[in-house]
Amino acid sequence: MQIVIIGTGFVGVVSAAVYASFGHTVYGLDIDEHKITSLKQSKVPFFEPGLSELLTQQQENGNLHFTTSYKEAITDADVVIIAVGTPSRPDGSANLSYIYAAGESMAPYLKENAVVVIKSTVPPGTMDGVTQTIKEHTSTPLHFASLPEFLKEGSAVADTLKPDRVVIGSSSEHAKKLLSELHEPLGAPIVHTSIESAQMSKYAANAYLASRINFINEIANLCEINGAHVQEVINAMGYDKRIGHHYWYPGLGFGGSCFPKDVAELASYSKEHSLDANLFVYLDAANTQRIQIKWREYTQLLDGWQGKTVAVLGLAFKPNTDDMRVAPSLVFVPQLLEAGALVRAYDPKATPTAKQLFEEHERLIYADTITQAITDADIIILLTEWDEIVQFDFSKHTEKEKQQWIIDTRNRLNKATLEQAGYHYVSIGS
Ligand code: UGA
């Protein structure tokens, strides 16, 4: 099969490399010359475990190509997958202009019976608009489908190779057959739905998981008032098979490029349809406010930050990625500097990203190691639960003459060991 993925962002590059690994001819297409030039040289512009190796391998064996030319990529394509970005508008809704632009640009080159697929997360109804745009530019018979993406950053290659399910939304028998064949090597359940249900299933999955995180954050707030421990509560509740122990550890709120954006889109979509006070509207607001509420709590507890040395451990929004979109560090680092702290920041992979995002500041130092970051620190704030950070033996690094604090916003460190070593330990929800 010849497959084109339009958009060489995170989802596009991972999908292109994985489809190529099944032996198909795959083109990654982007209008950004700079990105395509780097990808042609096997340079991936972000850190994702295993991706660079897979990409190089598929380019070397001739399955995977990158181009900026619609004509070159689309002319012989059986399947054209749109995976471009949908940046947020100020009201939280998705800006779909890149999706429509891709539809318009591909239209003149589409061959008969090509399957046009939207993989980007888009609101139901988008496919009608895209179909209409394409049909204004070609009369070739085509098929349309939705193929939502469920991979997670940090385990994207593994998730794509071993998905829990593949959702194919289409009313075309040809599209269903071709896309089922394409995903058959994954051995995952294939769920056929309408285009609208496929699109809603993506929003619903993300909003459900985000609600779960918000739910436990709110339980954690109550535990902090009444002396219960949220981790004990999770453990006790998780034995109920309907609930489980997974995927609801508390923190400073959900971040990354997906949950906050998808929840904001659902909230905006709800308001557009006069559902002004539903769960998604609340969730969007609650998650946005949470980090500032926690910041104020810590500020009060520590009696301000002026003149204090603060080690910030973890800059990425989660471990195993260098992505800092909606990362807690984006709020904490500038606010710490503003409040007069000396900040020593450490992250195993995201420091180069941080250097692009944070302005240079005489009180912002990037540490090369955890030890360098925490030596002499008054306060250690764990923001990202990288293995290297949670496995670090902090108890060997206490300063006897100092009152040192550890703020563990991921509940991953051992309270008893740290308190025994002399730290004041603060976690979430206890
Ligand atoms: C998320 C979904 O998990 C994927 O299924 C989906 O495909 C993806 O969005 C997307 O829409 O493209 P991702 O954003 O990579 O994936 O990261 P997650 O591991 O889900 O974490 C999201 C946020 O929730 C992070 O800030 C994380 O720290 C937080 N989180 C996660 C918690 O606070 N507690 C948890 O128990 C789990």
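Over the ring of which residue does the charged end of Arg-212 sit? In this predicted model, that ring belongs to Trp-248, and the charged end of Arg-212 is 5.0 Å from its centre. Another arginine does a similar job elsewhere: the charged end of Arg-165 sits over the ring of Phe-150, 3.6 Å from the ring centre.

Trp-248 turns up again in the aromatic pairs. A search through the whole structure comes up with 9 of these pairs. In one of them, Phe-215 and Trp-248 are stacked, with 6.3 Å from centre to centre and 25 degrees between the planes. The label fits because planes under 30 degrees apart count as stacked. Phe-215 belongs to helix α9, while Trp-248 sits in the loop between α10 (230-238) and α11, so the pair ties together parts that are 33 residues apart in sequence. How buried or exposed are the two partners? Phe-215 has 42% relative accessibility, so it counts as partly exposed. Trp-248, on the other hand, has just 3% and therefore counts as buried.

Phe-392 and Phe-394 make a pair of another kind. Their ring centres are 4.9 Å apart and their planes meet at 65 degrees, so this pair is edge-to-face. Phe-394 is buried, with a relative accessible area of 3%. Aromatic residues also gather in a group: Trp-295, Tyr-298, Trp-305 and Phe-332 make up one aromatic cluster.

Now for the ligand. Its surroundings consist of 19 residues, and the closest are Leu-151, Glu-153, Lys-202, Asn-206 and Tyr-247. Sorted by character, the shell has 10 nonpolar, 2 polar and 7 charged residues. Two helices, α9 (195-226) and α11 (259-272), each bring at least two residues to this shell. The biggest share comes from α9, with 3 residues. That is the helix where Phe-215 of the stacked pair lies.

Which protein atoms come up against the oxygen atoms of the ligand? On the side-chain side, an N or O atom of Lys-202 is 2.7 Å from a ligand oxygen, and an N or O atom in the side chain of Asn-206 is likewise 2.7 Å from a ligand oxygen. The backbone takes part too, with a polar backbone atom of Phe-150 lying 2.9 Å from an oxygen atom of the ligand. Taken on its own, the ligand has 710 Å² of accessible area, and the protein covers 94% of it. Phe-150 thus appears twice in this picture, because its backbone meets the ligand and its ring has the charged end of Arg-165 over it.

Note on methods. Residues are numbered from 1 along each chain as its sequence is written. This is a predicted model: local features need pLDDT of at least 70, side-chain atom pairs count only at pLDDT 80 or more; totals for chains, interfaces and linings use all residues. Side-chain values use heavy atoms; hydrogens and water are left out. A residue is near a molecule or strand if one of its heavy atoms lies within 4 Å of it. A polar contact is a pair of N or O atoms within 3.5 Å; within protein, one must be able to donate a hydrogen and the other to accept it, and residues adjacent in sequence count only if both atoms are side-chain atoms. Accessible areas come from the Shrake-Rupley method with a 1.4 Å probe; for residues, only the protein chains shown count as cover. Helices (H or I, at least four residues) and strands (E, at least two) are DSSP runs, numbered from the N terminus. Ala, Val, Leu, Ile, Met, Phe, Trp, Tyr, Cys and Pro count as nonpolar, Asp, Glu, Lys and Arg as charged, and the others, Gly among them, as polar. Rings of Phe, Tyr and Trp (its six-membered ring) pair if their centres lie within 6.5 Å; planes under 30 degrees apart count as stacked, over 60 as edge-to-face and the rest as tilted. Buried means under 20% relative accessible area, exposed over 50%, partly exposed in between (1.4 Å probe, protein chains only). A charge sits over a ring if NZ of Lys or CZ of Arg is within 6 Å of the ring centre and within 35 degrees of the ring normal.
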